[in-house]
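User: Could you take a close look at how the helices pack in this one, and then follow the thread out to whatever sits around them? An informal walk-through is fine.

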There are 2 protein chains.
Amino acid sequence: MKKRLRAIRRRLNEKRINCLIVTKPANVTYTTGFLGDDSWAVITKGRVYLLTDSRYIEQAQKECSSCSIIQRTDSLAQAVAKLVKKLKSVQAVTLEKSTSLADFEAVKKSVKARLKSVANIIESVRSSKDSSEVAAIKAAGSIAAQALKQTRRYIKPGITENELAGMLDFQIRKLGATNSFDTIVAFGPNASRPHHQPGKRKLKQKDTVLMDFGVKYKGYCCDITRCFAVGRPTTFYKRAYDVVQQAQAAAIKTVKARVEISRVDAAAREVIDKNGLPVYGHGTGHGLGLEIHELPFLKAESKGKLKAGQVITIEPGVYIPGKLGVRMEDDILVTKTGYRILTRNCPHLPLLPLR
Amino acid sequence: MKKRLRAIRRRLNEKRINCLIVTKPANVTYTTGFLGDDSWAVITKGRVYLLTDSRYIEQAQKECSSCSIIQRTDSLAQAVAKLVKKLKSVQAVTLEKSTSLADFEAVKKSVKARLKSVANIIESVRSSKDSSEVAAIKAAGSIAAQALKQTRRYIKPGITENELAGMLDFQIRKLGATNSFDTIVAFGPNASRPHHQPGKRKLKQKDTVLMDFGVKYKGYCCDITRCFAVGRPTTFYKRAYDVVQQAQAAAIKTVKARVEISRVDAAAREVIDKNGLPVYGHGTGHGLGLEIHELPFLKAESKGKLKAGQVITIEPGVYIPGKLGVRMEDDILVTKTGYRILTRNCPHLPLLPLR
């Protein structure tokens, strides 16, 4: 926590910010340890304050050992105003650019100080993970892997997408974690919609399955996609599967600190294009940590380079509406010399024997 | 949809807004029918546009029959700019106040038109539900009730909070719905934290249970809390339970269109205070619909009156740290002549026989 705050204060100093109001929940967690909602943090030169309410006081006292907890009884904006009034050295107050216009205006109305805004101060520090964060993402990945293994025996003809999603989520809960986003389970051609919502469709004797799911553990997310066939898949499905696997491997191979992000993105797309399959419309991946989607974003137009400590997904896909969808997604730690796959122990189940 | 848009356009006319950029996901759903993410709507005098990307095109074509779907290939702000350029009659563009500063500035940078902002246009129309919306919330409530009934037989000494939460969620999924928020299951004194996160604690022979959970079905949420004892509860628990039940009934009895919101809030608090128990720190309830928390908010300091068609929770509680927590929550439709409890068929299980 001390190291994080040092890095954040260094950036604040560079920008001559002496009082930052942290409104984004993941940034509040990052700077205070607090995992609840409806709370803001205030970072000054010497201190971090957590502004929360009666519902969260017990939790805050447990989770936030290094910051001053203030129990607010009125709005967050008014709580900020009261605190700023006490902090005599504060002439200007800076809000995060992720703050809503409404909150910005409410703070403006109550606080007697100049108001400024700034983007991505904490996000850019957060984007390089320390060892405890990498361990938490890896732990989330292990829970996901275990949950998938335990769900495997339920993947039989007749189960619906809803039931399979629910069974996976149940295993995740039993293991003491929650979902990092709503689980996607898509059978057959349903998988051509990258964000398909599970429905009543039943698994057939010969069918294909896409599962895109994640675990949140101690605040940290993982994000995994696995595809497989039940019974013998068609030649076309097998080809799409192989090509996506090659595309993912090609992109992962390029991962290393200081590599252009757009190069990683292009590596996956090239393989799919070269093989005459349609190139996916979404990004090749995204950072993840306290949020399921965070810096950096891997797209064709992305500027900038990968940094050591970043954890990113690599998730190319092939989608043919009415026919099939295949996507493969793993979470990758960027290192100085290359990469480490944090979700390696999550099984690929390319061909599932019928029971 | 037509009726909604008429009501929205009436308000836009009053405020002399001829182009509203809708950025809040629930508002996008309300005005277009679209249930996906990362998309904005643009409302002009004659049309509603949905700006989405390739991932959601199939879904949008299914869900949005009455609006023009635009597939964007660059950022949302740039897509807005392109559209506004085509709409020659638009001189000023208005964004919702829930928009982030970052998005506001991005639109400002790309769009060649004056920029304004406005609060709660769509939220205030959304706050009074039409019959199809009430039916959807009621359907979500029925799924929740059924899921709770099916979970009942798993509530036995030895089960953990995590397992019970997971089993409930599984039943919800099996019934074709998802959670409207992360299920809270708290055993014994854990329930004194209104937002307790389920953990490894096991249910004992004599114990108490709080379950706060919700279902999202066809986009609409319900929100229910039930408390009960396994084995014979202590006299103190029974008393707290009775008082909370009375408090909830007292508040529900006041519900009617044109009643002061603060009066409903006070009705519940008075009962608890009069009985010498500590009055809860959270609100007495909140609106719900496409969002789990939306207008109106029922607090002591709330101004304004209830309106016919609003759906609100009534959820008073008693919390004694280290001892117990009891909360009771139902979803109530406000009518001209009184109210209708939409979650009536969700069972109260005050004393569960041991198995």
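Analyst: Here is the helix packing, followed by the chain contact, the salt bridges and some backbone oddities. A quick note before that: this is a predicted model, where local features need pLDDT of at least 70, side-chain atom pairs count only at pLDDT 80 or more, and totals for chains, interfaces and linings use all residues. Residues are numbered from 1 along each chain as its sequence is written, chains are lettered from A and ligands numbered from 1 in the order in which they are written, and side-chain values use heavy atoms, with hydrogens and water left out.

Start with helix α7 (residues 131-151) and helix α8 (residues 161-174) of chain A, which pack at an angle of about 130° with their axes 8 Å apart. Helices here are DSSP runs of H or I with at least four residues, strands are E runs of at least two, and both are numbered from the N terminus. The axes are lines fitted to C-alpha atoms, for helices over the stretch in contact, and the angles run from 0 to 180 degrees between N-to-C directions. That angle makes α7(A) oblique to α8(A); under 35 degrees would count as roughly parallel, over 145 as roughly antiparallel, 65 to 115 as roughly perpendicular, and the rest is oblique. The crossing of α7(A) and α8(A) is right-handed, meaning that the near helix is turned clockwise from the far one by less than a right angle (anticlockwise would be left-handed).

Who touches whom? On the α7(A) side you'll find Ile143(A), Ala147(A), Leu148(A), Gln150(A) and Thr151(A), and they meet Leu164(A), Met167(A), Leu168(A), Gln171(A) and Ile172(A) in α8(A). Contact means heavy atoms within 4.5 Å. The residues of this α7(A)–α8(A) contact split into 7 nonpolar, 3 polar and no charged. For that split, Ala, Val, Leu, Ile, Met, Phe, Trp, Tyr, Cys and Pro are nonpolar, Asp, Glu, Lys and Arg are charged, and the others, Gly among them, are polar.

In chain B, the axes of α7(B) and α8(B) come within 8 Å and cross at roughly 130°. These two helices are therefore oblique to each other.

Back in chain A, α4 (residues 76-86) and α5 (residues 101-110) pack at about 40°, with axes 8 Å apart. That makes α4(A) oblique to α5(A), and their crossing is right-handed. Ala77(A), Gln78(A), Val80(A) and Ala81(A) of α4(A) meet Ala106(A), Val107(A) and Ser110(A) of α5(A).

Now for the chain contact: 38 residues come from chain A and 38 from chain B. Between them the chains bury about 3,400 Å², 54% of it on carbon and sulfur atoms; buried area is the accessible area (1.4 Å probe) that two parts lose on being put together, summed over both. There are 6 salt bridges between chain A and chain B, each a side-chain nitrogen of Lys or Arg within 4 Å of a carboxyl oxygen of Asp or Glu. Glu58(A) and Arg193(B) pair up in a salt bridge at 3.2 Å, N to O.

Within chain A, Arg126(A) and Glu294(A) form a salt bridge at 2.4 Å, N to O. Arg126(A) sits in helix α6 and Glu294(A) in strand β14, 168 residues apart. Strand β14 of chain A also holds Pro296(A), joined to Leu295(A) by a cis peptide bond with omega about -5°.
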